[in-house]
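Thank you all for coming. I would like to walk you through one structure today, starting with the whole chain and then moving to a few places within it.

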Amino acid sequence: MKYVFFYDETEHSRKINYQTVTADNYCDNFITGIVGWKAEENECISDRYLAFESKYDYRKKDGELKSQTMKTKDFRLGFASLNNHTIEFYEDLVSMFDEKIIIYFSVFSKIEYVISQLFINYHNSMFVDIDYMKYSIIKAINVYQPQNVIEAIYKEPQTFVKELRSFLEDRIIKNQTNRILKEHENQAFEEILILLDDTEVPETLDWAYFAPFDGFKKLLTEMNIVNYKLMIDREGEESHTLNSAIYVGLQNVTEEDSKEYVGLRMADMLAGLISRLMQSLKTSLIGDYKDGKIKKTLLDSGWFALNQKQLDLYKKLYQVICENNDHWYKSYAGIYSDDLVAFVVLLQFMNHFSYVEEIHSSKIEMQPEYYNAFVCERLSERYKIMEKKLPIDPIANDGKDYFYNQRDAKVYKDINKQPMLPLHNGQNEFYVLSVGFSRSGIPLVTISENEQPKCYRLPDEYGDWIMTVVGFANMGERLFPSKVLFSLIGGRYLVDIL
């Protein structure tokens, strides 16, 4: 089976400099979109999309319908600010992306790229989690927008470490007014200050293209797609994007003219819609910290003053982003993924309403609070994953109902088929090869049984223990293979590594 894929991007900065980041239209997120389908579906999908373009011929520029037609001001309050005339365009656009179309999108912070260069020679250890430190710095710069730090990055990089140190020290003092809320932030900032003296300033701030293609390569592996062609919107003589795709190991990649390929225009529209809505959401959630005070930032209640057509558009986009072709690597982000989380949570939040009357009956003015609580819950889950990182390999869609894990033990894709580890009252000794979680968060253990690896489910009570040992592994302390004593005493689940 052959597939065709098409790539485009938005919010792309060729050079990241001070003029770039201080421009009115600057967006920290670099967003890419890829759409694809089985080659045999090409004519049918192209005809449908050409009919859509023909309907909105008046929106074309230079003979093409591109994402430039999407006005940022139209999304000031998300879909709630779309008028009846405009919303029909987006309804028709989103409807184009049905189950036959595979979508992939990535979201990467440009600030993250810069910070990653500062700590390029640092690695996680038993004593420090460099990834979490990077995340804390990126988030702080994105949230507080410290102008001296941002200016130093792009105008006087040699003073960046000094300005960052000054900002963090000042922020720690200001956070003392709310120690409970800012306890973890202050702890992270204090750890960062210890390492800052040894960091090196990056020599160049040109944008790196590799990460989005890394994610797409993982999606191809997950879907077991080997026969494909990837077309990239032609960008110029240097072909940085094309070369990056080839560098990460993608094959059959070419540059093409978007005027000749419907798929390239669809990828552009997908990335554009995600970008406009995500950027509007990000702008609406940026707090004002000029006075140094700590306060909660909520969306304007106008975001939730929807009519039924606007709500239904959210629900349609939710179907495309969260339901259709629901693969693990359908979306891809870097260490800092807060904006992506907020975007997905917005779609999930809106989707749980069937009718706008449900929003109004539960008071529109309370919806920002409910949404904020939902986002905080999801971010908390994200932080836990970051602190206890698990290497997750994509599961190939090969028609089998199982796959083999890194210890060569059979794991069922339907985790309910996985046998439970046989535990009887008292002590149970096993030789453990590895531990981990299923995609749905079920604790798993791989043991040596008759000199063969075998994977079992563990009771949920062992979840915290697994998170702890995974954390040790990420910091360089490998605890397995080892004998482990699982005990069931008086209804309590205990464990000891021998």
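Let me begin with the surface, where the chain exposes about 24400 Å², and where carbon and sulfur atoms supply 48% of that area. Please keep in mind throughout that this is a predicted model. Of the 498 residues of the chain, 51% count as buried, and the chain has 16 helices and 14 strands. If we take the contacts between residues at least 6 apart in sequence, 73% of them join residues at least 24 apart.

Now to the interior. In soluble globular proteins, nonpolar side chains tend to be buried together. In this model the largest nonpolar core has 69 residues, and the members that touch the most other members are Val-35, Phe-97 and Tyr-371. Which helix gives this core its largest share? That is α11, from which 12 residues of the core come. If we look at Phe-97 and set aside residues up to four places away in sequence, Phe-97 touches Val-35, Ile-103, Met-266, Leu-270, Val-320 and Asn-324. There is also a second, separate core, which has 31 residues, Ile-137, Ile-138, Ala-152 and Phe-167 among them.

Let me stay with α11 for a moment and turn to one of its packing partners. Helix α11, residues 262-284, packs with helix α13, residues 338-351, at an angle of about 105°, and their axes are 10 Å apart. Angles from 65 to 115 degrees count as roughly perpendicular, and α11 and α13 are therefore roughly perpendicular to each other. On the α11 side the contact is made by Ile-274, Leu-277, Met-278, Leu-281 and Lys-282, while α13 contributes Asp-339, Leu-340, Ala-342, Phe-343 and Leu-346. Sorted by character, the residues of this contact are eight nonpolar and two charged, with no polar ones.

One residue of that contact deserves a closer look, namely Phe-343, which is found in helix α13. Is Phe-343 buried or exposed? Its relative accessible area is 1%, and since buried means under 20%, Phe-343 is buried. Apart from its neighbours within four places in sequence, Phe-343 is in contact with Ile-274, Leu-277, Met-278, Leu-281 and Ile-321. Lys-282 is 61 residues away from Phe-343 in sequence, yet their C-alpha atoms are 8.7 Å apart in space.

Two further helical residues can be placed in a similar way. Cys-376 is found in helix α15, residues 367-387, and counts as partly exposed at 43% relative accessibility; its C-alpha atom is separated by 9.9 Å from that of Val-345, although the two are 31 residues apart along the chain. Lys-218 has its place in helix α9, residues 210-222, and is partly exposed too, with a relative accessible area of 32%. How far apart are the C-alpha atoms of Lys-218 and Tyr-329? They are separated by 6.5 Å, with their positions 111 residues apart along the chain.

Let me now move to the loops. Lys-417 sits in the loop between β9 (410-412) and β10 (426-437), where Lys-417 is partly exposed, with a relative accessible area of 45%. Leaving aside neighbours within four places in sequence, Lys-417 is in contact with Asp-401 and Tyr-412. The C-alpha atoms of Lys-417 and Tyr-402, 15 residues apart along the chain, are separated by 9.6 Å.

Finally, some details of the backbone. Asp-62, in the loop between α2 (42-55) and β3 (76-79), has a phi near 55°, a positive value in a residue other than glycine, and Asp-62 counts as exposed at 64% relative accessibility. Glu-451 also has a positive phi, near 65°, and lies in the loop between β11 (443-449) and β12 (452-457); with a relative accessible area of 72%, Glu-451 is exposed. Which residue is joined to Pro-481 by a cis peptide bond? The partner is Phe-480, and omega of that bond is about 5°. Pro-481 itself lies in the loop between α16 (463-474) and β13 (482-489).

That completes the tour, and I am happy to go back to any of these places on the screen.

Note on methods. Residues numbered from 1 in each chain as written. Predicted model: local features only at pLDDT ≥ 70, side-chain atom pairs only at ≥ 80, totals over all residues. Heavy atoms only, no water. Axes fitted to C-alpha atoms, helices over the stretch in contact; angles between N-to-C directions. Helix = DSSP H or I, 4+ residues; strand = E, 2+ residues; numbered from the N terminus. Parallel < 35°, antiparallel > 145°, perpendicular 65-115°, else oblique. Contact = heavy atoms within 4.5 Å. Nonpolar A, V, L, I, M, F, W, Y, C, P; charged D, E, K, R; others polar. Core = buried A, V, L, I, M, F, W, Y, C linked by side-chain atoms within 4.5 Å. Buried < 20%, exposed > 50% of the residue type's maximum accessible area, 1.4 Å probe, protein only. Areas by Shrake-Rupley, 256 points an atom, 1.4 Å probe, with all protein chains shown as cover.
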